[in-house]
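Me: I've got a fold to go through and would like to talk it over. Can you walk me through what's in there?

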Amino acid sequence: MDQNGGSFLAVRRLSGHHPSTADVVSGSTAWIGRGFSCVCVQRRESDARISFDLTPVQEECLQRLQNRIEVPYDSQNREHQEALKALWHASFPGTELLGLVSDQWKEMGWQGKDPSTDFRGGGFISLENLLYFAKNYPKSFEELLCKQNGDRALWEYPFAVAGVNITFMLIQMLDLQAAKPRSLIGAVFLNLLIENDRAFDILYCITFKLMDQKWLEMHATYMDFNTVIKSTRRQLERELLLEDIQQIEDMPSYSFLAR
């Protein structure tokens, strides 16, 4: 690689081969997924840009996820209100919720008594992600919510706000608001999304659990949250580029999740 200006990698589809991290770094020809046409990747210091055409199926799959991402949280929307109530009941079964605006919400790690003010960065999908986590991996969800594992810091990260930040980070990492993937990571993820339309929600759960693992390993405190998130993102990027990742559940960090 030319350290001054970056270099170009030719990437083409090869049947039966999957890109390793070495493939990407060295600039070798690599497979990036079913259905992708000729691809050119430009590597610079911190980014790689890909240009290729999507199939109609890929476009539809990406658009469905983008439609979810574009929905802001609306405190007056009945569906959104019910989803927020469902999150409370999944988090604290048997405990009556006094209202959608209540000091009780602070127990979940919202910044104030009105959770709607914390959804601005992640939109309604960040609430959907939390609810999916609670319903599909309740054991891991409870462990993180209640900080049950490891030697915890005196000043811990706020669970719910951390969840919204994770949604935002994943959208940025995968460049999901672009018309089509512009990075190798985004292209790889689109294939996983085609295999499972809940791949983003599952990746969210993986990320939350991985972030907590990193938190404990780094003996982090509240002020270290951004550092932990960056470390988590780097780990996710490495895993997404591993060989033989055919579905989102093949990621090594998926093993951290417990139902």
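Reply: Sure, and keep in mind that this is a predicted model. The protein chain has nine helices and three strands. Reading from the N terminus, the order of elements is β-α-β-β-α-α-α-α-α-α-α-α.

Me: What share of the 259 residues in the protein chain is buried?

Reply: A residue goes into that group when its relative accessible area is under 20%. Applied to the 259 residues of the protein chain, that gives a buried share of 51%.

Me: Which helix gives the most to the largest nonpolar core?

Reply: That core has 71 residues, and Met108 and Phe208 have the most contacts inside it. Elements giving two or more residues include helix H2 (56-69), helix H7 (184-195) and helix H8 (199-217). With twelve residues, the top contributor is H8.

Me: Which residues does Met108 touch, leaving out those up to four places away in sequence?

Reply: Met108 is one of the two residues with the most contacts inside the core. With residues up to four places away in sequence left out, its partners are Leu87, Trp88, Ser91, Phe92, Leu145, Phe159 and Ala160.

Me: Is Gln58 buried or exposed?

Reply: Gln58 sits in helix H2, and its side chain reaches the backbone nitrogen of Thr55 at 2.8 Å. Its relative accessibility is 2%, and because the cut-off is under 20%, Gln58 counts as buried.

Me: How much of the protein chain's accessible surface belongs to carbon and sulfur atoms?

Reply: The accessible surface comes to about 12900 Å² for the protein chain. Of that, the part belonging to carbon and sulfur atoms is 48%.

How values were computed:
Residues are numbered from 1 along each chain as its sequence is written. This is a predicted model: local features need pLDDT of at least 70, side-chain atom pairs count only at pLDDT 80 or more; totals for chains, interfaces and linings use all residues. Side-chain values use heavy atoms; hydrogens and water are left out. A nonpolar core is a set of buried Ala, Val, Leu, Ile, Met, Phe, Trp, Tyr and Cys residues joined through side-chain atoms within 4.5 Å. Buried means under 20% relative accessible area, exposed over 50%, partly exposed in between (1.4 Å probe, protein chains only). Helices (H or I, at least four residues) and strands (E, at least two) are DSSP runs, numbered from the N terminus. Contact means heavy atoms within 4.5 Å. A polar contact is a pair of N or O atoms within 3.5 Å; within protein, one must be able to donate a hydrogen and the other to accept it, and residues adjacent in sequence count only if both atoms are side-chain atoms. Accessible areas come from the Shrake-Rupley method with a 1.4 Å probe; for residues, only the protein chains shown count as cover.
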